[in-house]
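Biologist: I'd like a close look at one part here: the aromatic rings and whatever they sit against. Take your time and give me the whole story in one go.

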Amino acid sequence: ILEKLTALCPGQFVSPYRGYIVNFAAAEAVTKEGIILKNKVTIPIKPDSFRKLRDSYIDYQFSKEG
């Protein structure tokens, strides 16, 4: 599913942890604890993937403004 979503909307969807797919459009922040959604739910992330997810989220934020 993630591959198909990525093909449709590059950079918008990520899989931060097994069993989760997150749409960055629904995200409010990426922290070391997880991805915080706008509804205040926190999706866990793999500890070693924080920087990659944070950078992807920043890239997504800049791409939607440009």
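Modeller: Ground rules first: rings of Phe, Tyr and Trp (its six-membered ring) pair if their centres lie within 6.5 Å, and the planes make the pair stacked when under 30 degrees apart, edge-to-face when over 60, and tilted for the rest. This is a predicted model, so local features need pLDDT of at least 70 and side-chain atom pairs count only at pLDDT 80 or more, while totals for chains, interfaces and linings use all residues. Residues are numbered from 1 along each chain as its sequence is written, and side-chain values use heavy atoms, with hydrogens and water left out.

By that ring test the structure holds 2 aromatic pairs. One of them joins Phe24 and Tyr60, and it's tilted, at 5.9 Å centre to centre with 35° between the planes. Phe24 lies in the loop between strand E2 (22-23) and E3, and Tyr60 is in helix H2, so their pair ties together parts that are 36 residues apart in sequence. (Helices, H or I of at least four residues, and strands, E of at least two, are DSSP runs numbered from the N terminus.) Ring pairs also bring in Tyr57, giving a cluster of Phe24, Tyr57 and Tyr60.

How covered are those two rings' residues? Buried means under 20% relative accessible area, exposed over 50%, and partly exposed in between (1.4 Å probe, protein chains only). Phe24 comes out buried, at 0%, and Tyr60 is buried too, at 11%.

Phe24 leads straight into the largest nonpolar core, where a core is a set of buried Ala, Val, Leu, Ile, Met, Phe, Trp, Tyr and Cys residues joined through side-chain atoms within 4.5 Å. That core has 13 residues, and Phe24 is listed with Val14, Val22, Val30 and Ile35 as having the most contacts inside it. At least two core residues come from each of strand E3 (27-30), strand E4 (35-37) and helix H2 (50-65), with H2 giving the most, 4 residues. Val14 is worth a look as well: leaving aside neighbours within four places in sequence, it is in contact (heavy atoms within 4.5 Å) with Leu2, Tyr20, Ile21, Val22, Phe24, Ile35 and Leu53.

As for the strands, two of them pair if DSSP finds at least two bridges between them. E3 and E4 pair in the antiparallel sense over 3 bridges, and Ala27 has Leu37 in E4 as its bridge partner.
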